[in-house]
Amino acid sequence: MKALKKLSRNPYLFVGLILTVFMCLVTLVGLVYTPYDTTAMDLSDKLAGPSLRHLMGCDNYGRDILSRVMEGMRNTFVIALLTVLIGTVFGVLVGALCGYFGGLLDDILMRINDVLFSFPSILLALVIISLLGTGSFNVVLALGIAFIPSFARIVRSEVKKQAALDYVQSARLMGAGHARTIFVHILPNIVPVLLSSVMIGFNNAVLAEAGLSYLGIGVQPPDASLGRMLSEAQSYLFTAPWYALFPGLTIVLTVLGFALLAEGMSEK
Amino acid sequence: MKYFFRKLISMLLTLLAVSFIVFAAFAVIPGDAAVSRLGSNATEESVAALRAEMGLDRPFLERYLSWLGDCVKGDFGTSISYGMPVGQLILDKLPITLTMTVLSLILTVGLSVPIALLMCKYARSRFDRSMYGLNQFVMSIPAFFLGILLTWFFGMVLKWFRPGGYVSYKKDFGAFLGYLLLPAIAIAIPKCAMSVKLLRSAVLTEADKEYVRTAYSRGMSTMEVLYRHVLKNALIPLITFWGMTVADMIAGSIVVEQVFNIPGLGRILLTSISRRDYPVVEGIILLIAVVVLLVNFLVDILYRKVDPRLEDQG
């Protein structure tokens, strides 16, 4: 009851939660069921407009756009989740070590970190992909690496703040080793900060993946991807604007849901 | 002045580190540049000959230093696929990317300041709240999707411009600017929404302070107080944000270029990546790094101009 009351007083959290849950549900349903086969072509339905049979219309091969959007969402979610996972795990490791121990290692790593951080992540990912080659796996790796600096930066400053507090001193005096102090005592205290940056990171990953796929170096056909659908839809913008509209709107709503959720959570 | 030189040296050192990372990254890639140039069925002798010609048989550090020396002199090597010097190739396209970035920055700053102040004037009113919601929505739109929507609306519904009808800046600068306006808007709008959000909260924090009350008590109007007193202080955190945004805008322009079919740096970068034309990729990355570091440097200097209190802290 109390949680419900809190929700009704916080419209961002409310709308964000509904949007996010809806998007996640559609994605989950997409794992087991899509209205049509995502690769089934039906040339008689070529560029058909939205109708009851095809809610989002059909693409230039007569494939059902809704089904492909669902598959694209799945790919986007998986890539974004793995990206954030890589970014968080390594970001926490680097950030915690630097923030806790300080010293020369901190100076050097943070210097590199600052340079990487000021470099746009999508460009960083582009460079890494140019080294590794295209494909979904390499996109995850490239984006994951590109996301490490931003997490490392946040974790470092939080750990630094915590390390100066009394409870850390007490833990050390009670005989806790460095590893135990960092992982058992300090890290749980920075989870709230980390959580909101994970959500923002997820959004950035969704946007970056869409951008890379739009450029043709992300998810490769025949796998559906929202970014790729947008680039394909551009040639039919005049005759079938909905072909671009629905994949694009899906990206916007996904990002919006998480953004509102993060916004609502930071508002107490 | 001392601060200026310290920052300058730190920037140059960082640039040195970046150049090393870039060179090292492209030196360890799987696949030999000589082999990829000759094809996989080349004889061992011809590969070895080409390796010697390209200088690939020399030690790593030596190769780095000679490459660095060439870069400083403005020689970034020769593009394998375009068959022309990388420096010239980039210099040709640089004005396009820079113009787009500058245009979007002007739009972002020019639009976000009045909008944010207007929201602050009517803070917590229905207008403020609906703008805040709209802002959140706009922030979630990727620039390239916005570009597609703008193309569709202005190019196909209203027919105000011809999609794909890019005009080179060498031919007609006015038409060039006109064509770049929509891409710049597509890049600027999401960034503008972010600045509005940041600026609004910065202004509202400042507005609670005593000097603001003093200004009001002297009979100034709300807009006067906001523009003449509050804005100056509220802009300090925004300068950092706009500095970082420039880097994002360059990256954004590379994607949005494709939406509007503009033959700029982005197209060269993408073509070079798919053809594994590494000298070009290295050159572009290095160039963007220089721009990013230069902007950071300017932000640091500007920061102290806006906030003289920092002068005392050395």
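# Notebook: salt bridges, the A–B contact and chain B

**Entry 1: a pair in helix α3 of chain A**

I began with A:R74 and A:E71, which sit 3 residues apart in helix α3 (residues 65-101) of chain A, so about one helical turn separates them. Before going on, I remind myself that this is a predicted model. What joins the two side chains? I found a salt bridge between A:R74 and A:E71, with the closest N and O atoms 3.9 Å apart. The cut-off for a salt bridge is within 4 Å, so the pair counts. Next I looked up how open each partner is. A:R74 is partly exposed, with a relative accessible area of 25%. A:E71 has a relative accessible area of 11% and is buried. I keep a general note beside this: side chains of opposite charge can pair when their charged atoms come close.

**Entry 2: a pair in helix α6 of chain A**

My next stop was helix α6 (residues 136-163) of chain A, where A:K161 and A:E158 both lie, 3 residues apart, or about one turn of the helix. Their side chains form a salt bridge too, and here the closest N and O atoms are 3.1 Å apart. Is A:K161 buried or exposed? I read 53% relative accessibility for A:K161, and it counts as exposed because the cut-off is over 50%. A:E158, in turn, is buried, at a relative accessible area of 13%.

**Entry 3: a pair in chain B**

Then I moved to chain B, where the side chains of B:D92 and B:K170 meet in a salt bridge, 3.3 Å from N to O. Which parts of chain B does this pair tie together? B:D92 belongs to helix α5 (residues 86-121), while B:K170 belongs to the loop between α7 (143-157) and α8 (173-207), so the pair links parts that are 78 residues apart in sequence. On accessibility, I noted that B:D92 is partly exposed at 30%. B:K170 counts as exposed, with 57% relative accessibility.

**Entry 4: where the chains meet**

How many salt bridges are there between chain A and chain B? The count is 1. I looked up the partners: B:K197 and A:E263 form a salt bridge, with their closest N and O atoms 2.5 Å apart. Polar contacts between the two chains come to 4 residue pairs, counting those with both residues at pLDDT 80 or more.

Which helices of chain A supply at least two residues each to the side that touches chain B? I wrote down α4 (103-118), α5 (121-132), α8 (178-214) and α10 (241-266). The largest share, 12 residues, comes from α10(A). Sorted by class, this side of chain A has 30 nonpolar, 6 polar and 2 charged residues.

For the whole contact, I found 38 residues of chain A touching 43 residues of chain B. The two chains bury about 3400 Å² between them, and 79% of that is on carbon and sulfur atoms. Over all chains, the salt bridge count is 11.

**Entry 5: chain B as a whole**

How many helices does chain B have? I counted up 12 helices and 0 strands. Read along the sequence, the pattern is therefore one helix after another, α-α-α-α-α-α-α-α-α-α-α-α. The C-alpha trace of chain B spans about 85 × 55 × 35 Å along its principal axes. Of the 314 residues in chain B, 45% are buried. Among contacts in chain B with a separation of 6 or more, 73% are between residues 24 or more positions apart.

**Entry 6: two loop residues with positive phi**

I keep this general note at hand: most residues other than glycine have a negative phi. What is phi for B:R124? It is about 65°, a positive value, although B:R124 is not a glycine. I located B:R124 in the loop between α5 and α6 (126-139) of chain B. At 58% relative accessibility, B:R124 counts as exposed.

B:K159 also has a positive phi, near 55°, and is a residue other than glycine. Where is B:K159 placed? I found B:K159 in the loop between α7 and α8 of chain B. B:K159 is exposed, with a relative accessible area of 55%.

**Entry 7: confidence**

Last, I looked up the scores. The model has ipTM 0.88 and pTM 0.87. For chain B, the mean pLDDT is 85, and 93% of its residues reach 70 or more. My reminder for reading on: where pLDDT is low, the predicted coordinates should not be read in detail.

How values were computed:
Residues numbered from 1 in each chain as written. Chains lettered and ligands numbered in written order. Heavy atoms only, no water. Contact = heavy atoms within 4.5 Å. Buried area = accessible area lost by both parts, 1.4 Å probe. Polar contact = N/O pair within 3.5 Å; in protein donor to acceptor, adjacent residues only side chain to side chain. Helix = DSSP H or I, 4+ residues; strand = E, 2+ residues; numbered from the N terminus. Nonpolar A, V, L, I, M, F, W, Y, C, P; charged D, E, K, R; others polar. pLDDT = per-residue confidence, 0-100. Buried < 20%, exposed > 50% of the residue type's maximum accessible area, 1.4 Å probe, protein only.
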